[in-house]
Amino acid sequence: AAAVLHEELEQLAQSRSRTTVHLVSGHRGDHRDPNRALGRSHLQRLVPDLRSRDVYVCGPPGMTGPLLAELRGLGVRPAQIHIESFEL
């Protein structure tokens, strides 16, 4: 899948220890479905120790807003969440 700045993100991840880029693409689904892409269940499967991580999110407001709510609902502290929202 193609993503804006994907190569640059991978290069940054390689230059840091314990850093992984997860590229999630496709339809966001119903925001009430916890199993949808970037829903609570998906996030817990993707990163089981999410609460102990810093999370960097970049995408359109329609994705970043709901994702922020999911992260907070999973107990990720606001200081650990870094969001860049944009429209193409």
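Student: In which loop is the place of G39?
Tutor: The model is a predicted one, in which local features need pLDDT of at least 70, side-chain atom pairs count only at pLDDT 80 or more, and totals for chains, interfaces and linings use all residues. Residues are numbered from 1 along each chain as its sequence is written, and side-chain values use heavy atoms, with hydrogens and water left out. Helices (H or I, at least four residues) and strands (E, at least two) are DSSP runs, numbered from the N terminus. In these terms, G39 is placed in the loop between α1 and α2.

Student: Is G39 buried or exposed?
Tutor: Buried means under 20% relative accessible area, exposed over 50%, and partly exposed in between (1.4 Å probe, protein chains only). The relative accessibility of G39 is 0%. G39 therefore counts as buried.

Student: In what order do the elements of the protein run?
Tutor: The protein has 3 helices and 2 strands. Read from the N terminus on, the order is α-α-β-α-β.

Student: Which residue forms a salt bridge with R40?
Tutor: Side chains of opposite charge can pair when their charged atoms come close. A salt bridge here is a side-chain nitrogen of Lys or Arg within 4 Å of a carboxyl oxygen of Asp or Glu. For R40, the closest N and O atoms of the pair are 2.7 Å apart, and the partner is E70.

Student: How many residues apart in sequence are the parts that R40 and E70 tie together?
Tutor: R40 is partly exposed at a relative accessible area of 36%, whereas E70 is buried at 11%. R40 belongs to helix α2 (residues 40-46) and E70 to helix α3 (residues 61-73), so the salt bridge ties together parts whose separation in sequence is 30 residues.

Student: Which residue forms a salt bridge with D49?
Tutor: The search of the whole structure finds 2 salt bridges. D49 is partly exposed at 31% relative accessibility, and its partner is likewise partly exposed, with a relative accessible area of 27%. The closest N and O atoms of this pair are 3.2 Å apart, and the partner of D49 is R53.

Student: What span should the 13 residues of α3 have?
Tutor: The expected span of a helix is 1.5 Å times one less than its number of residues. The end C-alpha atoms of α3 are 18 Å apart, which agrees with the expected span of 18 Å.

Student: Within what arc do the buried residues of α3 fall?
Tutor: The buried residues of α3 are M63, T64, L67, E70 and L71. They line one face of the helix, because, seen down its axis, they are confined to a limited arc. An α-helix has 3.6 residues a turn, so residues three or four places apart point the same way. Taken over the directions from the helix axis to the C-beta atoms, the arc is 125°.

Student: Which elements do the buried residues of α3 pack against?
Tutor: One of these residues is L67, buried with a relative accessible area of 8%. Leaving aside neighbours within four places in sequence, L67 is in contact (heavy atoms within 4.5 Å) with L38, L43 and V57. The buried residues of α3 as a group pack against α2, β1 (55-59) and β2 (81-85).

Student: What is the phi of L38?
Tutor: L38 lies in the loop between α1 and α2 and counts as buried at 16% relative accessibility. Most residues other than glycine have a negative phi. L38 is not a glycine, yet its phi is positive, at about 70°.

Student: Which residue with a positive phi follows α3?
Tutor: G73 lies in helix α3 and counts as partly exposed at 40% relative accessibility. The residue that follows the helix has a phi near 90°, and is G75.

Student: How much accessible area does the nonpolar patch of V4, L5, L9 and L12 have together?
Tutor: Patches are made of residues with over 30% relative accessible area and no salt bridge; like charges are joined within 9 Å, and nonpolar side chains (Val, Leu, Ile, Met, Phe, Trp, Tyr) within 5 Å. L9, found in helix α1 (residues 6-15), is partly exposed with a relative accessible area of 39%. Accessible areas come from the Shrake-Rupley method with a 1.4 Å probe, and for residues only the protein chains shown count as cover. Together, the four residues of the patch have about 370 Å².
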